[in-house]
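Please open the model in the viewer and keep the sequence panel visible. The tour proceeds by selection, one stop at a time.

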Amino acid sequence: MVDSARVRVTSAITRQPPPAVALFRVESMATTTSGQPHQQPSQPSPSAPGQVGEQPLYDPTAELLADPYAVYERLRETAPVRRIVGPDGRPAWLVTRYEDVRRALADPRLSLDKRHALPGNYHGFQLPPALDANLLNMDPPDHTRIRRLVVRAFTPGRIEMLRGPVRRTADELLDALPAGRADLIASYAAPLPIVVICELLGVPPEDRRDFREWTDALVAPDPSRPGRAKEAVRDMLAFFTGLLATKRAEPGDDLLSALIAVRDDAGDGDDAGDGGDGGEGGDGGDEWAGAGAGGAAADGLGEDELMSLAFLILFAGYENAVQLIGNSVLALLRHPDQMAALRADPGRAGAAVAEFARYEGPALLAIRRFPVEDVVIGGATVPAGETVMLSLAAANRDPERFPDADRLDLDRDASGHVALGHGIHYCLGAPLARLETEVALTALLERFPRLELDVPYEELRRRPSTRARGLLALPVRY
């Protein structure tokens, strides 16, 4: 692990609230069997996976694993709001058109709180309470209360302070690559965000763990190891319990120590606004004043919320960045004209990240939602309590919003993409993921002018997930 490139912005953060990262979706993908397409049923049967009444549901799992974009294209054209067998093996509504997805992402009637699910209708992966009380399971006012405590740490202005340290870390990782060829996921895309997020949280190098193995176990579980996901949860729970205890005993100038201070000693102060969701390229404000413990004094932060927030920052801060970096490098390798243009003008890298995220972002699906009342999406009435899956990847390839959407075009205006969400649940960690990707690509292209794939594209292996979009390995030669 790289130790010398210490990511230090904590002197500006002392006694200030740390960031929340509403980033990734902590739910395992259940194994299901393929069914046949059918006419959309009018009435669900929550207790019967794979069918509604006597009619089989469309199970797109095998097709999505093989080629998700082909499935999304067909559904956008023929059934943009379609009942399917969801990733958890239960019935769900899949939404694929851009306008429907973007509108639904910001619709307050679509709740993230699992308590709004119909009994038996949803069976996602179950985290213990100490890890489950996070922003991905919350609606206002709890979501607003916790987000308010941490929003300002991940604004673009604050994250820009990390550019130099992130670049030094990237250069050290590239220095350590073996001569001639390497797996860029294992040796570059994965360790870079781990170093950055662990430094921000104050996780000592000797206490860092294999977060990649944990996230793979949760997001893309291996069917041959059915108990691994539960083992990963136990390992993470033990790790965060120990980490919080250490930080309580020996606080430092880091974000986790600041979180603990909010929990243990809320202090006095005026309640602060949450700074807005920012959106793509937005900045919810760049001043720390008013973003401290004041909000906690009024509303508090529970112990489970504290640990869940630390878990989400570390888990999600790593997960999105590693997939976005890997997918972006692969996109360039498959589009040598775009790689040549970016190498000739590296100053375009920052703006290009939006197109990389649109073209092949880190998540295929947004976090599941549950209508609190019957809602109409794309002309279809979705009953209250049923599971709604919003396809970010399908929306970003919708030609009605992005002409010639299946083509990578670094000159495209990709603003408005939903790769990292939209609305109040827009990823607070998006500025960090964008910066890490920009720096990783710039450093890589500068270092290796003859970078190319080391295996045929068809031999590349992706994580077996209908939720996440990422590579297991990216063999290259240089």
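The stops below cover a sheet, a helix pair and the nonpolar cores.

This is a predicted model, in which local features need pLDDT of at least 70 and side-chain atom pairs count only at pLDDT 80 or more, while totals for chains, interfaces and linings use all residues. Residues are numbered from 1 along each chain as its sequence is written, and side-chain values use heavy atoms, without hydrogens and water.

**The sheet.** Select strands S6 (181-183) and S11 (452-453), the edge strands, each of which pairs on one side only. The open sheet has three strands in the order S6-S12-S11, with antiparallel pairing. Strands are DSSP runs of E of at least two residues, and helices are runs of H or I of at least four; two strands pair if DSSP finds at least two bridges between them. Add S12 (residues 475-477), which pairs with S11 over two bridges; Glu452 stands opposite Arg477 there.

**The helix pair.** Next, select H11 (residues 228-249) and H12 (residues 255-264), whose axes are 10 Å apart at an angle of about 80°. Axes are lines fitted to C-alpha atoms over the stretch in contact, and angles run from 0 to 180 degrees between N-to-C directions. The two helices are therefore roughly perpendicular (65 to 115 degrees). Show Leu243 and Arg248 of H11, which are among the residues meeting H12 (contact: heavy atoms within 4.5 Å).

**The core.** Finally, display Phe240, whose contacts include Leu131, Met307 and Phe311. Helix H14 (residues 303-334) supplies 18 residues, the largest share of the largest nonpolar core.

Definitions and conventions. Angles under 35 degrees count as roughly parallel, over 145 as roughly antiparallel, 65 to 115 as roughly perpendicular and the rest as oblique. Lists of a residue's contacts leave out its neighbours within four places in sequence.
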